[in-house]
Amino acid sequence: MKKWLPLIGLLALLMGIGCSRSFDKASEDSALQPTFSVDTLRVDTLYSRLSSATHRLIVYNRHEKAIELQKVLLDEKGSPHFRLNVDGRSGQSFSNLFIPPHDSLFLFVEATFPEGEDDLPTRYEAKLLFHCRGVVSKVLLEGIRLNIDHCKALSIDRDTTLLGNRPLLIRDSIIVHEGATLTLEAGTHLLLGDKAKIVVYGSLLAKGTPQNRILIEGIRRDELVEKVNYRLLPGQWENIQLLGAQKKHILRYTTIRNGRGGIIVGKKKEALPIHLELEGCILTNMKGSALQATNAEIEATNSLLSNTMAPSLKLSGGNCLLQYCTIAGFYPFDRRQGASIDLSPTPQGSEPSLVLSNSVVEGTFTVSRTNNKKPIGGEIFFDNSKPQWISLSSCYVRSPLELYTQIDNCIEAKLKPDSVFVALGKNKKTKEYTFIYNFKPYSDAPFATQKKSDTAPLYDLEGNERHKTTAWGAYEAIEREREEH
């Protein structure tokens, strides 16, 4: 009997192979059709002549028998603009794709849309057709095209104005030479490539309005994961360097986001102070600081500095005046490296001066108090032996107020931040991460109904009228029933 055991094993193996082949044979039943992960695959809004991210479509066989797709192809309308990839093979059509029972097939889609004759957003559509046993299933592909202008680099040696007609893609950098002024008109939209930066040895003037803001950001508009757009992510371009001390740099109603750094003012070496004025500006989602200044003269009103890995406001020497500003440290992508505000002297020993009025300083760094010891922590870091560096007037700050000697009518932040602001990166009902932040305070926040100062701006960061009783910080307060996520 033992001598037959190898033969019996071989027969069993061959029978198994035969059964497997029979099992994997594609069904000829036309009722067995594939299903799809989506009915419509959207590649989002694309800039002209720039390729999209890769989007995935899953084709399911939910049946007990294998099925075969005789052909998968794009219709003629879509073939110039959309591209397919199956099992590492690229093309416009594929034949005889086999899907085992209760298995799936991954198909990848990319798109590039041409520049159009007009600058209105233009929709592109295509049908992805699946032929299976005489039945044709369809998945719609769609996307929106926006025209943009392309430029490798700009070297500006005379006064130059950029208009807001189309977004402008800068692959390399913008250099503004000494003696020249770069003016950005309202509505200007600059898209900066991975290594791009703006270096200004002359002057920078940004003339945005609440209704028509200027926007400076990275290129990508696709999603990192579902519902998390790359426009929310930091580290996509370099920074803006203001190195010219000839004139005051003025930025009004300008949003600067998702760089490795925001605005860097001055050099490490002692030099003539550089003047910067900000009004209605948003500097956010930076892998470094939002505003880093050395021996500079800075005035900021109605502005938001938020969600940075390094201190949002980092001052080395110089003088800084913030009125009706919000500084918020809620960087969600990595461990933060410093409080929201950081003050230090220059290497040459020049001490900083920070005046905060009618402003809000919040974040994730808590204050710790121990008996008989000075409190530590919070969102403002400075040498505790130098309280004269800071003056606080009518402010809501997450910092121990007993450390300051120049202080008037301030409130120490002790409430949970998500009970004060509209949105801090999570949906308050489902607790799911959204990475969307809205620093408008609720009308019952401790600082929401304060007497408006004589020097208060007429409107807030969004152009909402400030009332006789207004909120400290960059935004007017809203009622809780208007809560948005």
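**Notes on a predicted structure**

1. Glu117 is exposed, with a relative accessible area of 86%, and its place is in the loop between β8 and β9 (122–132). The model discussed here is a predicted one, and every value in these notes should be read with that in mind. For a sense of distance, Glu117 can be set beside Asn212: 95 residues separate the two in sequence, while their C-alpha atoms lie 24 Å apart in space.

2. The strand β8, which comes before the loop of Glu117, belongs to an open sheet of 5 strands, arranged in the order β1-β3-β8-β5-β6 with antiparallel pairing. At the edges stand β1 (35–36) and β6 (89–91), and each has a single partner strand, so one side of each is left without a neighbour in the sheet. Within this sheet, strand β3 (residues 55–61) and strand β8 (residues 103–111) are joined in the antiparallel sense over 7 bridges, and one can follow the pairing at His55, whose bridge partner in β8 is Val109. As a general background, strands of a sheet pair through backbone hydrogen bonds, either parallel or antiparallel.

3. Parallel pairing also occurs in the model, and a good place to look for it is strand β25 (residues 254–257), which pairs in the parallel sense with strand β20 (residues 214–218) over 3 bridges. In this pairing, Ile216 stands opposite Ile256 of β25. Strand β25 also pairs with strand β28 (residues 282–286), again in the parallel sense and over 3 bridges, and here Thr255 has Ile282 of β28 as its bridge partner.

4. Which residues touch the most other members of the largest nonpolar core? That core has 61 residues, and the ones in question are Ile216, Ile263, Leu291 and Ile380. Ile216 has already appeared above, opposite Ile256 in β25. Ile263, when residues up to four places away in sequence are not counted, touches Ile240, Leu242, Leu251, Ile256, Leu276, Leu278, Leu283, Ala290, Leu291 and Gln292. Apart from this core lies another, of 29 residues, among them Leu84, Leu105, Tyr124 and Leu141. In soluble globular proteins, nonpolar side chains tend to be buried together.

5. A search of the whole structure finds 26 salt bridges, and a few of them deserve a careful look. The side chains of Glu217 and Arg231 meet in one, with an N to O distance of 2.7 Å. Glu217 lies in strand β20 and Arg231 in the loop between β22 and β23, so the pair ties together parts that are 14 residues apart in sequence. Is Glu217 buried or exposed? Glu217 is buried, with a relative accessible area of 0%, a point worth pausing over in a residue that takes part in a salt bridge.

6. The surroundings of Arg231 can be described further, for this residue sits in the loop between β22 (228–229) and β23 (240–242). Besides Glu217, and leaving out residues up to four places away in sequence, the residues that Arg231 touches include Tyr47, His189, Leu215, Arg220, Arg257 and Asn285.

7. Two further salt bridges link distant parts of the chain. Glu185 and Lys207 meet through their side chains at 3.8 Å, N to O, with Glu185 in strand β16 (residues 181–185) and Lys207 in strand β19 (residues 203–207), 22 residues apart. Glu185 counts as partly exposed at 24% relative accessibility, and Lys207 also counts as partly exposed, at 38%. Glu279 forms a salt bridge with Arg252, where the closest N and O atoms are 2.7 Å apart; Glu279 belongs to strand β27 (residues 275–279) and Arg252 to strand β24 (residues 249–252), 27 residues apart. In this pair Glu279 is partly exposed at 26% relative accessibility, and Arg252 is partly exposed at 28%.

8. Salt bridges can also be joined into a network, as they are for Arg49, Glu115, Asp119, Asp149 and Arg166.

9. Finally, the cysteines should be checked. A disulfide is a covalent bond between the sulfur atoms of two cysteines. The structure holds 0 disulfides, and Cys281 is accordingly in none, the nearest cysteine sulfur, that of Cys325, being 9.3 Å away. Cys281 is buried, with a relative accessible area of 0%.

Notes:
Residues numbered from 1 in each chain as written. Predicted model: local features only at pLDDT ≥ 70, side-chain atom pairs only at ≥ 80, totals over all residues. Heavy atoms only, no water. Pairing = 2+ DSSP bridges. Helix = DSSP H or I, 4+ residues; strand = E, 2+ residues; numbered from the N terminus. Core = buried A, V, L, I, M, F, W, Y, C linked by side-chain atoms within 4.5 Å. Buried < 20%, exposed > 50% of the residue type's maximum accessible area, 1.4 Å probe, protein only. Contact = heavy atoms within 4.5 Å. Disulfide = S-S within 2.5 Å. Salt bridge = Lys/Arg side-chain N within 4 Å of Asp/Glu carboxyl O.
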